[in-house]
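Student: Hi, could you walk me through this fold? I'd like to start with the strands and then move on to the helices.

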Amino acid sequence: TVTNIEAKHLSSITSKLRECGCIINEQYDSIEVIAGSRLNAVGLTTAPHPGFPTDMQPQFTTLLSVCEGSCGVNDGIWEDRFRYVKQLKKMGADIEVAQNNKSALVKGVPTLNGTLVKADDLRAGAAMIIAGLGAQGETVIEKISHIDRGYEDVVEKRRFQKRVHVVTGNTRPHNILGENVVLLIGLVISIIVLYHICIYVLNQ
């Protein structure tokens with residue numbers, strides 16, 4: 001459950017989570033997300049508000065990478081929005097980006113595997129945190145200046161502290177310790193939490 005939010009502002013995201021197979025219980029200022037053992041892949045196209053936000057595409061594609069089935073993701077609002085895919089593929093994701101860099105085919109795999117990755121930009125950094133939380137083994141994220149710039153104390157604020165080991169120091173990587181199974185419900189809640197943090201930062 002995520003509290004102290006404007007649930008109506010997340011409707012484009014929660015509707016996609018419902019398509020994936022989640023049960024969403026919404027209140028005025030909170031959202032409860034319930035997911036089964038594995039979600040279903042759904043197609044995704046970004047659009048200006050009130051459509052699906054391009055800033056959430058990397059995070060949601062990370063979720064889709066471990067869903068059942070295949071789907072397409074289209075994002076042509078900004079250039080080079082799929083740069084992070086190279087890092088996900090290092091973790092075992094099966095994603096192919098089109099030559100125009102505006103769409104990708106995502107084929108779900110049972111799990112991701114922890115490895116050394118980097119945060120190419122702010123949204124990619126959020127995606128790497130989500131991927132690391134769901135991966136088997138240890139994931140080390142480099143170039144965390146992007147994460148620190150956009151998500152203040154994001155690791156410390158999360159509800160996954162028992163699964164996350166923080167390496168202190170602004171120039172050193174965060175170590176994200178995954179469990180032996182894919183934490184799908186963790187991934188789902190992560191998406192909503194990170195989006196809310198982003199909105200909060202932008203409104204300050």
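Tutor: Happy to; the sheet comes before the helices here. This is a predicted model, where local features need pLDDT of at least 70, side-chain atom pairs count only at pLDDT 80 or more, and totals for chains, interfaces and linings use all residues. Residues are numbered from 1 along each chain as its sequence is written, and side-chain values use heavy atoms, with hydrogens and water left out.

Student: Cool. In what order do the three strands sit in the sheet?

Tutor: The order is S1-S3-S2, in an open sheet with antiparallel pairing. Strands are DSSP runs of E, at least two residues, and helices are runs of H or I, at least four, numbered from the N terminus; two strands pair if DSSP finds at least two bridges between them.

Student: And which are the edge strands?

Tutor: S1 (2–3) and S2 (23–26), each pairing on one side only. S1 joins S3 (residues 30–34) over two bridges, and threonine 3 has serine 30 of S3 as its bridge partner.

Student: Switching to helices: at what angle do H1 and H2 pack?

Tutor: About 10 degrees, with the axes of H1 and H2 (residues 57–64) 12 Å apart. Axes are lines fitted to C-alpha atoms, for helices over the stretch in contact (heavy atoms within 4.5 Å), and angles run from 0 to 180 degrees between N-to-C directions. That makes H1 roughly parallel to H2 (under 35 degrees).

Student: Which residues make the contact?

Tutor: Ile13, Lys16, Leu17 and Cys20 of H1 meet Phe60, Leu63 and Leu64 of H2.

Student: How many residues of H2 are buried?

Tutor: Eight of its eight, where buried means under 20% relative accessible area with a 1.4 Å probe, protein chains only.

Terms used: Parallel < 35°, antiparallel > 145°, perpendicular 65-115°, else oblique. Buried < 20%, exposed > 50% of the residue type's maximum accessible area, 1.4 Å probe, protein only.
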